Amino acid sequence: MMRFMLLFSRQGKLRLQKWYTATAERDKKKMVRELMQIVLARKPKMCSFLEWRDLKIVYKRYASLYFCCAIEEQDNELITLEIIHRFVELLDKYFGSVCELDIIFNFEKAYFILDEFLMGGEIQDTSKKSVLKAIEQADLLQEEDESPRSVLEEMGLA
Amino acid sequence: MSPSVPLQEMIRAIRSARTQCEERGVIQRECAAIRAQFRQTDNGGRSHNLAKLLYVHMLGYPAHFGQMECVRMIASPRYSEKRVGYLGAMMLLDEKQDASLLITNSIKNDLSHSNQYVQSLALCTLACMGSAEMCRDLAPEIDRLLRSSNSYIKKKAALCAVHIVRKVHELGELFVPSARSLLSEKNHGVLHGAVVLITELCERSPETLERFRKVSVPDLVQIMKGLVISGYSPDHDVAGVSDPFLQVRILRLLRILGRNNEAASDAMNDLLAQVATNTDSTKTVGNAVLYETVLSVLDIKSESGLRVLAVNILGRFLLNNDRNIRYIAMTSLQKIVSTDHNAVQRHRGTIVDCLKDQDASVKRRALELSLALVSASNIRSMMKELLIFLSSCPPELRAHAASGIFNAAERYAPSKRWHIDTILHVLTTAGGDVRDETVPNLIQLITNTSELHCYTVHKLYRALLTDISQQPLVQVACWCIGEYGDLLLKGECQETEAVQVTEDDVLDALEIVLQSHMSTPTTRGFALTATMKLSTRITDNVDRIRSIVSIYGSCIDVELQQRAVEYNALFKKYDHMRAAVLERMPVIQKNSLGQTNGELSEEPIKESQPGKVKQEEMALPQQPAGQNVYLTFHKLVCSTYLNQFKVFFMLLLASAPTVTVYEKNGVTLTLICERQSESGLTVTLTASNSTDSDISSFTLQAAVPKSVQLQMRAPSRDSLPAHGGAKLTQLVVLNNPNKVGLQNANRTVPTSLTSIKMS
């Protein structure tokens, strides 16, 4: 099972964090700091896997973002790399050529996508199409639900 | 998708802040606005406000005041608000917060909502942060959803059930029937969820494992076959492999079901062979499936042909260009190196090459594997590689590498000279990272190799001249020069080229060590003792030695001062004894329990054995015994209560006539040892009490290293009357059948000792 997933930039700014185990806020902060330090110090050609505490860390860099997952001893590291890649593909399809800014300004949507893809640290659906379809439907539902507002209201001027 | 304007405005504002202070200001203002909005009953922008708060939370600022808002939003009928509310719950609430219980009811309602996306939100939240209580409450609901006809809900319910089982193990029973039926689904998402659920159930309970083993193995094999043989399926294909995620999970479940079971392993043999041969290994995906297959093959009771196939796949991985794959291969080979040693030996060359890889993780794996692959036949070539590695290895691996090399050298050394050379090489390259017991080990090895004394002392002298910064090396060198200085001065040596060394040269070398700021106090102690020993081995410069020794009589370091004063006394008052005291040490028996002591003299030579001391290190009584004595009491920890106290000490190997091992607060404990046989020793413990009050329920317990057998006879009494009224004696019989020496004991001691307590 995946214990947690982190997305952070090269400058050490956290963009997304999803924890699949109950951890105290303080411990979360400490672990994030520690991991960011370790991963950011790695050179480009190095192995994508490292051992940290009693977990295995699988990380991959996509443009300016590091996708970092912590998995347990018996999990398969190579398939975790594939899981990370699948998540990136989903983001890419959804945002249309995703970049870090998309994830910053639409972070809640990134979370929604992640929650449709993984649950409890495991994959929900192995078909990319069906995950994207579900998110699309959910977005539609959200739009229908939001009461119609005038343009002025939307901009906060009325 | 409609952009959330207020949210994006705020994000922009925060990002444009130029300093940390400015950012904090913006955030404080926003938080105040959000708090104000929360207090208002209802407005259209509730979800935007909560989203803003979540962003602020992600930056690391406190956001606990949003918890109640999350609870309220979850209860709202509007989907947009529910969505953000649940997201907030997953980010801000965890099972440790009280507010999390408040959402249990909302989740329960939403689980039966008519809209599947609302149900999905509830399931996701429960699987993410559901506490044990919530899980217990909602488990029946989840079970019901597992039987629904909607695959979208079924797959989520399966993963939610996994979380529930992880939190509350007993609830596993509840899900077994539904889990079984899910295996016949066609939908890959549901299948995947079902396999994960069954894996979790089998890992938790052996009975469930048995049940599934009987029933599900054929089904799983069938599903896998379908995936492997089937043609291209656009929905699930990843780079030519059909649904690798599902394949990996099924392989893992098969591994659990086939472990330790012949029948199940047989049933899956063909399938595993098929997967291993048919999977395309050019991309990572294929390798991921192959990796899982190899792990499964090696873990179940597979037939030998299949095992060979698996090891070959690992061998291919080792040659892969991708560093990740090489790392994976080595990790797997490590697991089987003890069982399939020969198969792994075939790939030794590649593994040794990986020692030179740039990546530290790969280096670490290669080191572990290389050490495991050392054997009598390849020791020379492997050691060459390992020593090269040691000279360039990253600092965090040095200690491990050094100790691994020592172990390997000890087990497979082809000759004594090679062994000594290897140890010296390690000490020169990584002297700072070797363990403490290396020095006494090496000394003992040297004394045992009497034919090489001349060679050793020459080599060490030369090493000393080059570099005195590596403390273990300097210590050994000083000791050898002290012991075998006469051989050094004789000049000729069979094994190495002769070099003319004068007495002054030797004394100069030792004095440099004594005076250098790089030398630790222990090292200086060695050097001083060596200088003293030379007084009987050289002829001309005894006066120089006398003066060195008297200078150190006023040294600030107490240990050196004591030694110097005693050596001075040896020169002055006891000069007639000097030759006898300082004569050559006899060969130290590695595996004996300790000899009976020789002449009692004031010889304070001790082989200091630094133990792993936890608290107080009690100053051990100076052992005025002969030279073959190993003093081995390591620590005494004491805490006193009124009339009872506990004393904690570890008895390793003792060999002295009567030793007072404890004398504090009026209680005295003495030890008398008698060697009974080759491997047996009896110890008589005597306790007496000179305080004014009686000590009741006084018991002694003893601790020994794992390989030594201990037998405690009944004590003579169990209380100690005051004023030394009567003594308590207890006999302890020790048997050391493996003739464990002190050095070995040092290695095993920290891990497994029972304790000596006096209570």
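**Exercise 1.** Work out how much of residues 1–141 of chain A is helix and how much is strand, and how far apart the end C-alpha atoms are.

*Solution.* Keep in mind that this is a predicted model. Start with the make-up: over residues 1–141 of chain A, 47% is helix and 26% is strand. Then look at the two ends, whose C-alpha atoms are 31 Å apart. Finally, check the record: an unreviewed UniProt entry lists residues 1–141 of chain A as "domain: AP complex mu/sigma subunit".

**Exercise 2.** Find the residues that gather with K29(A) in a patch of positive charge, then decide whether K29(A) is buried, partly exposed or exposed.

*Solution.* First, the patch: K29(A) gathers on the surface with R26(A), K30(A) and R33(A). Next, place K29(A) in the fold, and you land in helix α1 of chain A, residues 25–40. Last, take the relative accessible area of K29(A), which is 40%. Partly exposed covers the range between 20% and 50%, so K29(A) is partly exposed.

**Exercise 3.** Explain why the salt bridge between R3(A) and E72(A) ties together separate parts of chain A.

*Solution.* Here's the general idea: side chains of opposite charge can pair when their charged atoms come close. Now the distance: N to O, R3(A) and E72(A) are 2.9 Å apart, and the cut-off for a salt bridge is 4 Å. Then locate the partners: R3(A) sits in strand β1 (residues 2–9), while E72(A) is in the loop between β5 (65–71) and α2 (77–95), so the bridge joins parts 69 residues apart in sequence. As for cover, R3(A) is partly exposed at 24%, whereas E72(A) is buried at 16%.

**Exercise 4.** Describe the salt bridge between E483(B) and R537(B), and say whether its partners are buried or exposed.

*Solution.* Begin with the contact: the two side chains meet at 3.7 Å, N to O. Then see what gets linked: E483(B) belongs to helix α27 (residues 471–490), and R537(B) to the loop between α29 (521–534) and α30 (542–551), 54 residues away. Both residues turn out to be buried.

**Exercise 5.** Decide whether helix α25 of chain B is largely enclosed, using its count of buried residues.

*Solution.* Helix α25 spans residues 438–448 of chain B. Go through its residues and pick out the buried ones, among them T438(B), P440(B), L442(B) and I446(B). The tally is 10 of the 11 residues, so the helix is largely enclosed by the rest of the structure.

Conventions. Residues are numbered from 1 along each chain as its sequence is written. Chains are lettered from A and ligands numbered from 1 in the order in which they are written. This is a predicted model: local features need pLDDT of at least 70, side-chain atom pairs count only at pLDDT 80 or more; totals for chains, interfaces and linings use all residues. Side-chain values use heavy atoms; hydrogens and water are left out. UniProt positions are given in the numbering used here, feature names are shortened, and annotations may be inferred rather than shown by experiment. Helices (H or I, at least four residues) and strands (E, at least two) are DSSP runs, numbered from the N terminus. Patches are made of residues with over 30% relative accessible area and no salt bridge: like charges are joined within 9 Å, nonpolar side chains (Val, Leu, Ile, Met, Phe, Trp, Tyr) within 5 Å. Accessible areas come from the Shrake-Rupley method with a 1.4 Å probe; for residues, only the protein chains shown count as cover. Lys and Arg count as positive and Asp and Glu as negative; His and the chain ends are not counted. The place of a charge is taken as NZ of Lys, CZ of Arg, CG of Asp or CD of Glu. Buried means under 20% relative accessible area, exposed over 50%, partly exposed in between (1.4 Å probe, protein chains only).
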